[in-house]
Amino acid sequence: MEIVAETTAAIAAAPDLDEGLRALIRGMHRLTGAESGGVRLLYHADRADGGCRLLFWLGGDRYEWRDLPGEAGSNVDAVIVSGIPTYTADLAALAAQGEALAAIAHRRDGLRSSLIVPLRSRGRVIGTLHADSHRHDAFSPDLLLPLQVLADHAGGAVEQARLGLRRQEVAEQVIRTLAQVGAAGDTEAALEALLRGAMALLGGVGGVARAFDTKTRQNTLLLAIRLDGTFDHHRQRHPVPAGSMAEAMMDGGPALVIDDYLALDPAVYSLYSAMQRQGIRSSVNVPIQAHGQRLGSLHVNHHRPGAFGPADLHIAEALALQAGAAIERAVLVESERAQMQARLAAEARFGTLKDEFVALVSHELRTPLTSIKGYADLLMGGEAGGLSEEQQEFLAIITRNVDREVMLVNDLLDLSRLEANQVELVTIPLDVGMVLRDVVTSLRPQLQAKRQQLILQVPVHLPTVMGDLARLTQVFTNLVSNALKYTREQGEIAVRAQTFQDCVRIQVRDNGIGLTEEEQGRLFTKFFRAQQRIVQEAGGTGLGLAITRAIVERHGGTISVESSPGQGSAFTVSLPIVPPT
Ligand code: ADP
């Protein structure tokens with residue numbers, strides 16, 4: 001009793017937790033003569049499976065703090081659950097039976113025998129006090145009673161220490177969890193960090209975190225950690241079960257602890273068949289919310305009835321509330337991203353449909369046009385009898401318009417095939433100078449008609465490019481004919497080619513009507529034609545430059561324009577030089 005009284009007084013007078021526990025360990029040593037031992041402080045009263053912190057005395061003046069994970073099923077757990085002091089005379093034998101904790105004590109610390117008594121405060125087991133020895137059967141079981149008396153007297157003082165430790169543990173874990181939730185890249189990662197953090201804080205064995213949509217009353221994301229530790233997550237939407245704890249959280253219900261599902265009304269409990277199967281007996285259930293909006297729910301479970309108390313409820317509630325804002329942000333970002341993706345997919349689908357439609361229509365239009373043109377030509381040639389002057393004039397109008405229509409349909413078909421990548425280029429090493437000379441020669445009649453001057457400058461040794469002869473001829477024919485179409489009579493056009501870095505650069509410059517900045521921006525889009533009269537009077541489809549750009553890009557090249565209204569325009573095409581082999 002003297003030792004007990006002195007020890008209790010020393011604990012009460014200790015300046016801090018460490019000193020208090022050392023005083024207790026010294027008392028234990030004086031009572032039992034043990035060479036080592038220690039005090040376990042449980043993170044959760046009455047439960048070994050929530051982990052604990054151990055102040056281990058290695059003899060002499062050597063002490064060591066150790067964090068230990070849950071010890072469900074161990075000899076220490078048995079003391080905590082039953083509250084009965086135990087003497088293990090041979091830890092080695094216990095270890096040989098597969099008792100993991102005994103194996104660790106035996107192998108790592110070389111312990112052979114151990115007295116363990118529960119530390120209690122106000123009827124709850126808050127830890128254990130140990131007397132250990134390296135010798136087999138070092139103690140008499142008679143020592144259990146005085147050791148228990150010592151532990152019972154020290155209990156109240158130790159509880160203070162345990163609570164302090166617990167508060168510190170909780171604060172650290174809360175901060176850690178909130179930081180992880182905040183740093184998560186998406187809703188799933190945020191919910192998982194919250195769930196794992198809450199389980200660690202409450203000592204839960206399993207749990208569920210979910211995000212739901214209060215409008216459709218569906219889960220949008222569900223994460224579950226089962227009692228056996230398996231992790232499950234799914235994003236399929238399905239209704240939040242009617243009458244479930246999650247539904248209560250969705251409908252504004254309060255956070256609540258279920259002490260024992262088996263004690264609930266069977267009619268209610270039948271809802272929890274999944275829990276029944278998993279063996280869940282108790283749970284903590286809290287809403288996840290932000291700005292008064294319910295976003296989801298958090299559930300921490302245990303296979304033991306009564307595993308959670310009011311303190312656990314408060315911690316979970318505070319944690320879920322704090323995490324709510326971060327989760328709300330993640331949900332928002334994700335739904336915006338999903339909407340954007342849906343929009344892009346719809347646009348892409350529409351784009352393909354449109355292209356397919358254009359290709360189909362153009363093809364279907366071409367056949368009747370060929371026939372109209374054929375018969376108009378026959379009429380014009382007098383094959384069906386002589387024509388009056390007026391009839392000839394009308395027929396000429398028909399032919400001109402049919403020609404325009406054919407041009408439009410051909411361009412449309414061409415462009416839609418280019419865009420759908422259905423055009424095979426037949427590429428050969430090409431002398432661009434030769435292509436340009438041919439283009440200029442073929443356009444000579446039009447140039448002469450408008451009395452325009454054309455200068456062609458091509459250096460003697462121009463590197464070859466890999467190109468499709470017909471397609472590149474089409475490109476430069478379009479650029480040069482635009483230059484002459486959109487330049488007044490007697491205007492000047494210059495076509496130059498030169499080497500620039502690893503490209504051949506071809507420039508078609510005119511001193512024609514030019515283009516405004518705004519027009520330049522729309523120049524390569526389908527059907528763009530400027531408003532000026534000269535443009536409207538000159539025939540054209542507004543597809544030429546779109547086709548030109550598509551062809552140039554298929555060659556791995558680029559096209560650009562420089563222009564100012566009234567001054568003229570310069571179109572520059574760059575085509576990659578064939579690397580010398
Ligand atoms: P099209 O010549 O059949 O109308 P394009 O796609 O070749 O079709 O040209 C689109 C429009 O760009 C023309 O209608 C014209 O307004 C403008 N444009 C093209 N080339 C020139 C140029 N060299 N000078 C001024 N405007 C031009």
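T516 sits in the loop between β18 (503-510) and α15 in this predicted model. At 31% relative accessibility, T516 counts as partly exposed. Its C-alpha lies 9.5 Å from that of A530, a residue 14 places away in sequence.

Helix α15 itself covers residues 517-522 and carries both E518 and R522, which are 4 residues apart, about one turn of the helix. An α-helix has 3.6 residues a turn, so residues three or four places apart point the same way. The side chains of E518 and R522 do indeed meet, in a salt bridge with an N to O distance of 3.1 Å. Neither end of this pair is tucked away: E518 is partly exposed, with 49% relative accessibility, and R522 is partly exposed as well, at 40%. Elsewhere, salt bridges that share partners link E64, R66 and D109 into one network.

In total, the structure holds 25 salt bridges. Side chains of opposite charge can pair when their charged atoms come close. One of the bridges joins E19 and R26, at 3.7 Å from N to O. Here too the partners are partly exposed, E19 with a relative accessibility of 30% and R26 with a relative accessible area of 42%. The bridge between R53 and D67 has its closest N and O atoms 2.9 Å apart. R53 belongs to strand β2 (residues 47-57) and D67 to strand β3 (residues 63-68), so this pair ties together parts that are 14 residues apart in sequence. R53 has a relative accessible area of 14%, under the 20% cut-off, and is therefore buried.

Turning to the nonpolar interior, the largest nonpolar core has 51 residues. Within this core, the residues that touch the most other members are F476, L479, V495, I506, L523, F571 and L575. Leaving aside residues up to four places away in sequence, F571 touches L479, I506, Q507, V508, L515, L523, F524, L545, S560 and V561. Another core, of 32 residues, lies apart from the largest one and includes L194, L202, A316 and L319. In soluble globular proteins, nonpolar side chains tend to be buried together.

L545, one of the contacts of F571, is also one of the buried residues of α17. That helix (residues 544-554) is mostly covered, with 8 of its 11 residues buried. The buried set is made up of G544, L545, A546, I547, T548, A550, I551 and V552. These residues pack against two helices, α12 (389-419) and α14 (469-485), and against two strands, β19 (558-564) and β20 (568-576). After α17 comes G556, whose phi is positive, near 80°.

Back in the earlier part of the chain, helix α6 (residues 144-183) packs with helix α7 (residues 187-202) at an angle of about 170°, the two axes lying 8 Å apart. Since angles over 145 degrees count that way, α6 and α7 are roughly antiparallel to each other. On the α6 side, the contact involves R166, V170, Q173, V174, T177, Q180 and V181. Facing them from α7 are A190, A193, L194, G197, A200 and L201. By type, the residues of this contact divide into 8 nonpolar, 4 polar and 1 charged. L194 thus has a place in the contact with α6 and in the core of 32 residues.

Note on methods. Residues numbered from 1 in each chain as written. Predicted model: local features only at pLDDT ≥ 70, side-chain atom pairs only at ≥ 80, totals over all residues. Heavy atoms only, no water. Axes fitted to C-alpha atoms, helices over the stretch in contact; angles between N-to-C directions. Parallel < 35°, antiparallel > 145°, perpendicular 65-115°, else oblique. Contact = heavy atoms within 4.5 Å. Nonpolar A, V, L, I, M, F, W, Y, C, P; charged D, E, K, R; others polar. Core = buried A, V, L, I, M, F, W, Y, C linked by side-chain atoms within 4.5 Å. Buried < 20%, exposed > 50% of the residue type's maximum accessible area, 1.4 Å probe, protein only. Salt bridge = Lys/Arg side-chain N within 4 Å of Asp/Glu carboxyl O.
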